[in-house]
Amino acid sequence: MMLPRTNTQHQKSRFTRAVACLLLILSCNIVTRTEALLFGVRKRSTLPISLISKLQDQQQHQFYHPVNNAAPLQETGSRIYASSLTSNEGSPSSSSALTDAPNGAGASMATSTTKGATRHQLKPWQSTLTRIGMMSYVVGMCVALPLTLIPQKLMYKMGVMTKEQKEHYAVATSAFCARWLLRLIPFCRVTIYPYHHPNPVESVWVCNHSSLLDIFIMLACDRQLRGSTRRPIKTVYWKELEKNPICNLLFKQAGFIPVQMAANKAGEDNDYDKSSFKRLLKDSKQAFKDGFDMGILPEGQLNPTPEKGLLPVFSGAFTLARMSRRPIQMMAMNGAPDLWHPMHGMHCIGRHVKLRAYPYTFRFANSTDFVDTFKTIVGHFALYGQDLSEEELNNLLCKILTSSANSNK
């Protein structure tokens, strides 16, 4: 027979629970601060003041315009302050951004491979530790994703949640796992050049693809890159990736859209099954209705030689954007191949990764303009880890606007 607990025992129990909660909060705080100090995510902005002003002046142009209600920037010393954001309904957002402003869009960065900047090489012991951390991170994701996604899959089959809820929860859960595992196992240092908008428009996002780590890094940093009000992205992927059980679980659970093509090696020409494009268009329209954006990799496959620049760029993203009547927005990534190279594997010669979200949308007049713009803007950042100079960007925008005006005559 169990004796009733005394008041002293109740007090000790409450005290133990309180101490446990405090220790948990303290440990989370220590992990976050340590990750920020050692290998944390850093936020910067590289868009020049004059270029942002020019984009805002051209906002009403039907071909090229910044995202609706973008935050006007005001220069103060060496920093840029983003004034209060305004939503479409006119209600001001409570958030504002404070970011460093380098001297011009093409300011020198530490990891540029050319133009006078040198890439920092890890020492052998640093490379070994980074490789161990990266392998631990990948293994952690392979464990965390099934543990978190399989219960959601069972709930969907039992009718507890809808298909739309299942896909939103899968993307959010995967991003949470990737983000916190990167904080617990900070094998790389990520610098983010973000763009946040309180009421983002439905868009087709395009980005370069240079490492097997791209999907994990994007999931981990998407919140910092595009803000808490971002629309989740449904990515178009090669159906053969479903042979990997982890990819199969993640992609199907999140509702990513497959495209069928003949099996090939990285760098070889793609042989697409054109019948799968009809499903792609249908699923894309449904994705926009369900609150998603679309994500496409215009290179069509993993780039085996990212140090030489982009692979030939396909115009599929332009076709999808035109048929769905949605604008195109661009992201770029640099540095991931230094960790996990498509051809050399986990050689870990560097651990600095850079992510860039560009704060304007494109409505291209033709596929050639899209391909040239992607190769110029995203290709430059992917290769050098920095934006084009302000003059080069201005010349590119003028060329795009001229092409649009001529096509509308």
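This is a short walk through the cavities, surface patch, salt bridges and backbone features of one structure.

Hi everyone, and thanks for having me. One thing before we start: what you see is a predicted model.

Let's begin on the inside. How many cavities of 30 Å³ or more does a search of the whole structure find? The search finds three. The largest cavity has a volume of about 90 Å³. Eleven residues line that cavity, and Y195, H197, P200, W205 and R226 are the ones nearest its centre. Sorted by class, the lining has five nonpolar, three polar and three charged residues. Please keep R226 in mind, as we will meet that residue again in a moment.

Now to the outside. Here you can find a nonpolar surface patch of about 480 Å². The patch is made by I150, L154, M155, M158 and V160. I150 belongs to helix α3, which covers residues 124-157. With a relative accessible area of 39%, I150 is partly exposed.

On to the charged pairs. Side chains of opposite charge can pair when their charged atoms come close. In our structure there are ten salt bridges, and I'd like to show you a few.

Start with E167 and K234, which form a salt bridge whose closest N and O atoms are 2.9 Å apart. E167 is in helix α4 (residues 163-184) and K234 is in strand β8 (residues 233-238), so this pair ties together parts that lie 67 residues apart in sequence. Are these two residues buried or exposed? Both E167 and K234 are buried.

Next comes R226, our acquaintance from the cavity lining. R226 forms a salt bridge with D222, and here the closest N and O atoms are 2.7 Å apart. The two sit four residues apart in helix α5 (residues 214-226), which means that about one helical turn separates them. D222 has a relative accessible area of 14% and is buried. R226 is buried too, at 5% relative accessibility.

Then have a look at E240 and K243, whose side chains meet in a salt bridge at 2.8 Å, N to O. E240 is partly exposed, at 24% relative accessibility, while K243 is exposed, at 68%. Some salt bridges also share partners, and in this way E202, R231, D293 and R326 are joined into one network.

Let me turn to a contact across the sequence. L383 is found in helix α9 (residues 367-384). At 17% relative accessibility, L383 counts as buried, because the cut-off for buried is under 20%. How many residues apart in sequence are L383 and E307? They are 76 residues apart, yet their C-alpha atoms are 6.3 Å apart in space.

Finally, two backbone details. R325 has a positive phi of about 60 degrees, although R325 is not a glycine. You will find R325 in the loop between α8 (316-324) and β11 (328-334). At 70% relative accessibility, R325 is exposed.

C348 is not a glycine either, and has a positive phi of about 50 degrees. Where does C348 sit? Look in the loop between β11 and β12 (352-357). Unlike the exposed R325, C348 is buried, with 1% relative accessibility.

If you'd like one place to begin exploring, try R226: this residue is among those nearest the centre of the largest cavity, and R226 also forms a salt bridge with D222. Thanks for listening!

Technical notes. Residues numbered from 1 in each chain as written. Predicted model: local features only at pLDDT ≥ 70, side-chain atom pairs only at ≥ 80, totals over all residues. Heavy atoms only, no water. 1 Å grid on protein atoms, 1.4 Å probe; cavity = no way out; pocket = protein on both sides within 12 Å on 5 of 7 lines; lining within 4 Å. Points joined across faces, edges and corners; volume = space filled by probe spheres on them. Nonpolar A, V, L, I, M, F, W, Y, C, P; charged D, E, K, R; others polar. Patch = residues over 30% accessible without salt bridge, like charges linked within 9 Å, V, L, I, M, F, W, Y side chains within 5 Å. Areas by Shrake-Rupley, 256 points an atom, 1.4 Å probe, with all protein chains shown as cover. Salt bridge = Lys/Arg side-chain N within 4 Å of Asp/Glu carboxyl O. Buried < 20%, exposed > 50% of the residue type's maximum accessible area, 1.4 Å probe, protein only.
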